[in-house]
Amino acid sequence: MSEQPATITFYWIATILTGRGKQLTCDATADATPGVHTRMSTTRSVMDFLRERHGEFTLLFFSLEPNGISALPHPAVTA
């Protein structure tokens, strides 16, 4: 029996212009499973969520990134 791939949580942020002319910025997380979901299917899922919530809209900005933050080394400061 093969193991299911781990789910990855993505953070998304979108700025939309509703059909009523209201500009909104929305954000949340979305879970995706590698090998099952793609970047495109995850984006479409977010767009469907926004459409259900706000009706038809014009997308002004969208970003979808992995939600984890890795520790980055501090840059060396020299004088």
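Tutor: Let's start with a term we will need: a helix here is a DSSP run of H or I with at least four residues, and helices are numbered from the N terminus. Keep in mind as we go that this is a predicted model.

Student: Thanks! Which pattern does the protein follow along the sequence?

Tutor: Begin with the parts: the protein has one helix and three strands. Reading along the sequence puts these elements in order, and the pattern is β-β-α-β.

Student: How many bridges pair β1 with β2?

Tutor: Strand β1 covers residues 8–18, and strand β2 covers residues 23–32. You can find individual partners in the structure: Ile8 stands opposite Ala32, and Thr15 has Thr25 as its bridge partner. The two strands pair in the antiparallel sense, and the number of bridges is ten.

Student: Which residue in the turn of that hairpin has a positive phi?

Tutor: The hairpin is formed by β1 and β2, with four residues between them. In that turn, a positive phi of about 85° belongs to Gly21.

Student: Which strands stand at the edges of the sheet?

Tutor: The sheet is open, its three strands pair in an antiparallel way, and their order is β2-β1-β3. An edge strand has a single partner strand, so one of its sides is left without a neighbour in the sheet. The strands in that position are β2 and β3.

Student: By how much are neighbouring strands of this sheet turned against each other on average?

Tutor: Look again at the order β2-β1-β3 to see which strands are involved. With direction ignored, the average turn between neighbours is 20°.

Student: And what angle does the direction of helix α1 make with that of β3?

Tutor: Helix α1 spans residues 39–54 and packs on the sheet, where it touches β1, β2 and β3. Comparing the direction of α1 with that of β3 gives an angle of about 135°.

Student: How far apart along helix α1 are Asp48 and Arg51?

Tutor: Their side chains meet in a salt bridge, at 3.2 Å from N to O. Both residues lie in helix α1, and their spacing there corresponds to about one helical turn. Counted along the chain, the separation is three residues.

Student: Which residues are joined into one network by salt bridges?

Tutor: The structure holds two salt bridges. Besides the one between Asp48 and Arg51, there is another between Glu56 and Arg51, with the closest N and O atoms 3.7 Å apart. Shared partners make this one network, and its members are Asp48, Arg51 and Glu56.

Student: Is Glu56 buried or exposed?

Tutor: A residue counts as exposed when its relative accessible area is over 50%. Arg51, at 34%, is partly exposed, and Asp48, at 40%, is partly exposed too. Glu56 has a relative accessibility of 59%, so it counts as exposed.

Student: Which residues make the nonpolar surface patch?

Tutor: One member is Phe61, which sits in strand β3 and is partly exposed at 45% relative accessibility. The patch has an area of about 260 Å², and its residues are Leu17, Leu60 and Phe61.

Student: One more! What percentage of the residues in the protein are buried?

Tutor: On the outside, the protein exposes about 6400 Å², with carbon and sulfur atoms supplying 55% of that area. To be buried, a residue needs a relative accessible area under 20%. Among the 79 residues in the protein, the buried share is 23%.

Key: Residues numbered from 1 in each chain as written. Predicted model: local features only at pLDDT ≥ 70, side-chain atom pairs only at ≥ 80, totals over all residues. Heavy atoms only, no water. Pairing = 2+ DSSP bridges. Axes fitted to C-alpha atoms, helices over the stretch in contact; angles between N-to-C directions. Contact = heavy atoms within 4.5 Å. Patch = residues over 30% accessible without salt bridge, like charges linked within 9 Å, V, L, I, M, F, W, Y side chains within 5 Å. Areas by Shrake-Rupley, 256 points an atom, 1.4 Å probe, with all protein chains shown as cover. Salt bridge = Lys/Arg side-chain N within 4 Å of Asp/Glu carboxyl O. Buried < 20%, exposed > 50% of the residue type's maximum accessible area, 1.4 Å probe, protein only.
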